[in-house]
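Here are a few exercises to work through with the model open beside you. Try each task before you read its solution.

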Amino acid sequence: IRTEYMDQNVQIGGETKYQEYESHTHEYGKWFSIAETILFKANEVDSSNVYLLLRLFGPQAGTEIEIDDFSLRLPPPEVFPTSPTCADLASGNNQANANGLSPFPFLSLGKETNIVVEQEADGNNYFAVTGRDIDDPEAYHGIALEFPASCVDKGSVYHLALKLRAPDGVSGFVVTVKGFHEDTNAYSYGRSYSQVVTCPTNTGDWVQCEEDFMFTEFMVGGGAYKYQVYITTPGNPTVSYDVDDFYFTFVSQPLNKIIVDSSVQGKWLPGAEVVITPHGLLSYEEQVRTITEVAPSSQPGMVEVKLHDVIEKPSLAVENVNFATEVALLSRNIVMEGADDDTASPDHGGHLTVFMTAAQQFISGVEFKNFGQDGDYDGYPIHF
């Protein structure tokens, strides 16, 4: 499908808007659907042009082409994200029922990929994704959704949920968010990636994929100007699949405070650092923040500790006391800091040896920085 136009200088131009590669070769001789989003450029629709054509041609001379149910129209306003709240980043056509056969605003990644709205016997509409590229080693060619960076702030939490259907036994579907950034020095090729959820193994019927996702500093920094949500199928780059009920809904504003027992009042002070232990299974998900204020809480026996930066929502004691996130004060009144003066061995820091005495020995209320001597036998930070 290609445009052709003649400008006032009798110059002919045009651009290919859609090209079918592999996705329908097995369907020649019977009806199939094409639903493509076409973006017209200014020079194509200039009012001074003599004419503008939309041409459909191919695949080779002598081939008969029949066309039915043709339409060319603007997408309805309801398929665009609601502004300014952006309450659902996939609003409008997330149930494949707002824009006819077209998946817009969902888009196709990969020139071979074909996405069209189909209907089940019970009348339910869904997105059918076919014709995926066998030469796509990362298996990301498929359905995707883009939305502007203006919808999210650092620390904003959204809930992603969708239904997925693929052949029985196919596993490993992963939903990923990709950020596009102006700062190409801090971000490789101006891109950032963060996995949201790995979907359950498919059974041949619909499976549910859902998870909360927080936009971190890594995702929103560097002049982020848009985001893309897409599905990858590692190990299955050509598998066809169906998608329905795609939602990316707002959950909470950035969180920058915690509520803890009032026994910390007068002991945890502004400027001190606290560590919030991991809320999941990964040890490196701890969060270190600086206290900006400790204020009374509306909850009896508790205080509100405000932090200098946003945090991921911790697991709460009111949700399950056995899995509550713990908070610890890192700052100490006494600091012993090893000199950072060995450029050849940056991990060779200070070393404190405590010799044996008749009495028990205790060290409390002290912070050790740059201690430990990597490569030295018994080079612990503190050696009793």
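**Exercise 1.** In which loop does Ala 186 lie?

Before the solution, some ground rules: this is a predicted model, where local features need pLDDT of at least 70, side-chain atom pairs count only at pLDDT 80 or more, and totals for chains, interfaces and linings use all residues. Residues are numbered from 1 along each chain as its sequence is written, and side-chain values use heavy atoms, with hydrogens and water left out.

*Solution.* Start with the strands (DSSP runs of E, at least two residues, numbered from the N terminus). Ala 186 sits in the loop between β9 (174–181) and β10 (191–198). Next, check its cover: buried means under 20% relative accessible area, exposed over 50%, and partly exposed in between, using a 1.4 Å probe and protein chains only. Ala 186 has a relative accessible area of 56%, so it is exposed. Finally, take a distance: the C-alpha atoms of Ala 186 and Val 275 are 26 Å apart, with these positions 89 residues apart along the chain.

**Exercise 2.** Look at the backbone of Val 10 and Asp 245. Which of these is buried and which exposed?

*Solution.* First take Val 10, whose phi is near 60 degrees, a positive value in a residue other than glycine. Val 10 lies in the loop between β1 (2–6) and β2, and it counts as exposed because its relative accessibility is 56%. Now take Asp 245, also not a glycine, with a positive phi of about 50 degrees. Asp 245 belongs to strand β13 (residues 241–252), and at 19% relative accessibility it counts as buried.

While you're on the backbone, find the cis peptide bond from Phe 104 to Pro 105, with omega near 10 degrees. Pro 105 is in the loop between β3 and β4.

**Exercise 3.** Which strands hold Arg 165 and Asp 242?

*Solution.* Begin with the count: there are twelve salt bridges (a side-chain nitrogen of Lys or Arg within 4 Å of a carboxyl oxygen of Asp or Glu). One of them pairs Arg 165 with Asp 242, the closest N and O atoms being 3.1 Å apart. This pair links distant parts of the chain, with Arg 165 in strand β8 (residues 157–165) and Asp 242 in strand β13, 77 residues apart. Both Arg 165 and Asp 242 are buried.

Then compare another pair, Glu 293 and Lys 306, whose side chains meet at 3.6 Å, N to O. Here Glu 293 comes from strand β16 (residues 287–296) and Lys 306 from strand β17 (residues 302–311). Glu 293 is partly exposed at 36% relative accessibility, and Lys 306 is partly exposed too, at 30%. To finish, trace the network in which salt bridges with shared partners join Glu 15, Lys 17, Lys 41 and Glu 44.

**Exercise 4.** How many residues line the largest pocket, and which are closest to its centre?

*Solution.* Set the terms: on a 1 Å grid over the protein atoms alone, a pocket is an open set of points where a 1.4 Å probe fits, with protein on both sides within 12 Å along at least five of seven lines, and lining residues have an atom within 4 Å of a point. The largest pocket holds about 1700 Å³ of space. Its lining has 42 residues, and Ile 1, Tyr 18, Ile 34, Ala 35 and Leu 56 are the closest to the centre.

Terms used. Points joined across faces, edges and corners; volume = space filled by probe spheres on them. Helix = DSSP H or I, 4+ residues; strand = E, 2+ residues; numbered from the N terminus.
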